[in-house]
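Please walk through this protein model with me, one question at a time. Short answers with the reasoning shown are best.

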Amino acid sequence: MLCDSHRITPKGIVAYLRQALGKPLRFSSPLRYNVPMRVFLFVQVVWCVFFFSLFVFFDSPLCGESLRAFLLSTGAVPRLSWKLLRMYPHDPAAFTQGMFFADGVLYESTGLYGQSSLRVVELSTGEVLRSVALEEAYFAEGITAWRDTIIQLTWTSKVAFIYDRKTLKRLAVRPYPYDGWGITADGKHLIVSDGSATLRFLNPETFALEREVEVRIGERRVDRLNELEYAEGRIFANVWQEDVILVIDPPSGRVLAWMDFGDIHDPGKGGENVLNGIAYDGRTKTFLVTGKRWRWVYRVALEP
C-alpha cells in the first residue's frame, strides 16, 4: 500500500504509480490528439490537483505512522543494538546511492542528473582517489562488486553499467529490465530492489529473473526498499526516508531484526539527505553507514 510509505515525495509517488499502472507516466501534447487547448489545459490542471491532493493526504496523520515508529511501538521484530566505533570524513556534496567496501577502500555511487558518478574513496580521509562521471542523462543508483567488475544501476534509464574494478574503465552498457534502486550480491545472484516491497534475485550474467520475495513484517508489506548489502547470510536494507536498516531472511523475505539509526544527528542530515549507504567490512565484521550528502561515514559494530 502507498500509505505504508511516509513523507511521500515526487520520486515515491511516480514509482508507486508506475507499479500500479504498469506503464510510464507522461503528459501528452494537445496536437497529438487534436484537442482544443482549453481542454488540454483543463486536463493538466486536474493532474496537478490530483498530485497536490496526494501530497496533502499522504503527509497527514491519516496516512499512519512511519516504519520506525511502528517498529518502536510494536516490538514486532527485535531491535539490534550497535556501538559506534569511528567516524570518517564524507564528501558533503556526494548524493550517496550505494556503496561497498573492498580492497581496503570504499566504492561509492552518487546520484542526481548531471552529478552522478562512480568513485573510489580513501576511507580514513574521505579523499576521492578515482572517479568516473556519468553522462547527464543518467541518474546513478546502487552498486555492487561481481567478480572483478562493478555493476552500477541507473534509476529509470533501464540500463546498467559494468566497470573494471581496478581501473573503473567502463566495459559495457547492458539493458536492465527494472527501475534501479539498490543492488548487492550473495555469490550466486544479484539481489536488487526497485522501491517496492519486492527483492529480486537475478542471474549476474544475463539479469534474468530467477526468483523474488516480498519483504514483510508479519502481514505488513515493507516497501521503499533501497540500498542493499549482503552480509553473513542476511540482506541488510535501507528503507527510503527512514532511519532504519532491516535485516532480511533471503529465502522468505521475512524481516528478522532491525537497526535503529534515528539517534545519528549528522550535520548534513535532513530533507532529502536521508540514510542511504551500507557497506560491510568482512575483515572486522563491522558496518559502514552514511547518507546522502552526510558529512561522516560511521563505522558501527553489532553488539551481542
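**A buried loop residue**

Leu-168 lies in the loop between E9 and E10. Helices (H or I, at least four residues) and strands (E, at least two) are DSSP runs, numbered from the N terminus. This is a predicted model, in which local features need pLDDT of at least 70, side-chain atom pairs count only at pLDDT 80 or more, and totals for chains, interfaces and linings use all residues. Residues are numbered from 1 along each chain as its sequence is written, and side-chain values use heavy atoms, leaving out hydrogens and water.

Q: Is Leu-168 buried or exposed, and what is its relative accessible area?
A: Buried means under 20% relative accessible area, exposed over 50%, and partly exposed in between (1.4 Å probe, protein chains only). Leu-168 falls in the buried class, with a relative accessible area of 3%.

Q: Which residues is Leu-168 in contact with, leaving aside its neighbours within four places in sequence?
A: Contact means heavy atoms within 4.5 Å. The C-alpha atoms of Leu-168 and Val-132 are separated by 7.0 Å, though the two residues are 36 apart along the chain. Beyond those sequence neighbours, Leu-168 touches Leu-118, Val-120, Arg-130, Ser-131, Val-132, Ile-150 and Tyr-163.

**Strands**

Q: Which residue in E6 stands opposite Ser-117?
A: Strand E5 (residues 117–121) and strand E6 (residues 128–133) run antiparallel and are joined by five bridges. Two strands pair if DSSP finds at least two bridges between them. E5 and E6 form a hairpin with six residues between them, and Gly-126 in the turn has a positive phi of about 80 degrees. Across from Ser-117 in E6 is Ala-133.

Q: Why is one side of E11 and of E14 left without a neighbour in the sheet?
A: The open sheet has four strands in the order E11-E12-E13-E14, with antiparallel pairing. Strand E11 (183–185) and strand E14 (209–214) each have one side free because they stand at the edges, each with a single partner strand.

Q: What is the bridge partner of Leu-199 in E14?
A: Strand E13 (residues 198–202) runs antiparallel to E14, and five bridges join them. Within E14, Leu-199 is matched with Val-213.

**Helix H4**

Q: Why are the buried residues of helix H4 on the same side?
A: In H4 (residues 67–74), the buried residues are Leu-67, Phe-70 and Leu-71. The arc is that of the directions from the helix axis to the C-beta atoms. They share one side of H4 because their arc around the axis is only 95 degrees.

Q: Which strands do the buried residues of H4 pack against?
A: Just after H4, Gly-75 takes a positive phi of about 60 degrees. The packing partners of the buried residues are strands E15 (216–217), E16 (220–221), E18 (234–239), E19 (244–248) and E20 (255–260).

**Salt bridges**

Q: How many residues apart in sequence are the parts that Arg-170 and Glu-135 tie together?
A: A salt bridge is a side-chain nitrogen of Lys or Arg within 4 Å of a carboxyl oxygen of Asp or Glu. Arg-170 forms one with Glu-135, with the closest N and O atoms 3.1 Å apart. Arg-170 lies in strand E10 (residues 170–175) and Glu-135 in the loop between E6 and strand E7 (140–146), so the parts tied together are separated in sequence by 35 residues.

Q: Is Asp-179 buried or exposed?
A: Asp-179 forms a salt bridge with Lys-158, the closest N and O atoms being 2.7 Å apart. Lys-158 is partly exposed, at 34% relative accessible area. Asp-179 has 12% relative accessibility, so Asp-179 counts as buried.

Q: Is Arg-147 buried or exposed?
A: Arg-147 forms a salt bridge with Glu-205, the closest N and O atoms being 3.4 Å apart. Glu-205 is partly exposed, at 46% relative accessibility. Arg-147 has a relative accessible area of 63%, so Arg-147 is exposed.

**Confidence**

Q: How many contacts beyond four places in sequence does the model have for residues 19–33?
A: pLDDT is the predictor's confidence in each residue, from 0 to 100. The protein averages 87, and 79% of the residues score at least 70. Where pLDDT is low, the predicted coordinates should not be read in detail. Over residues 19–33 pLDDT stays under 50, and the number of such contacts is 16.
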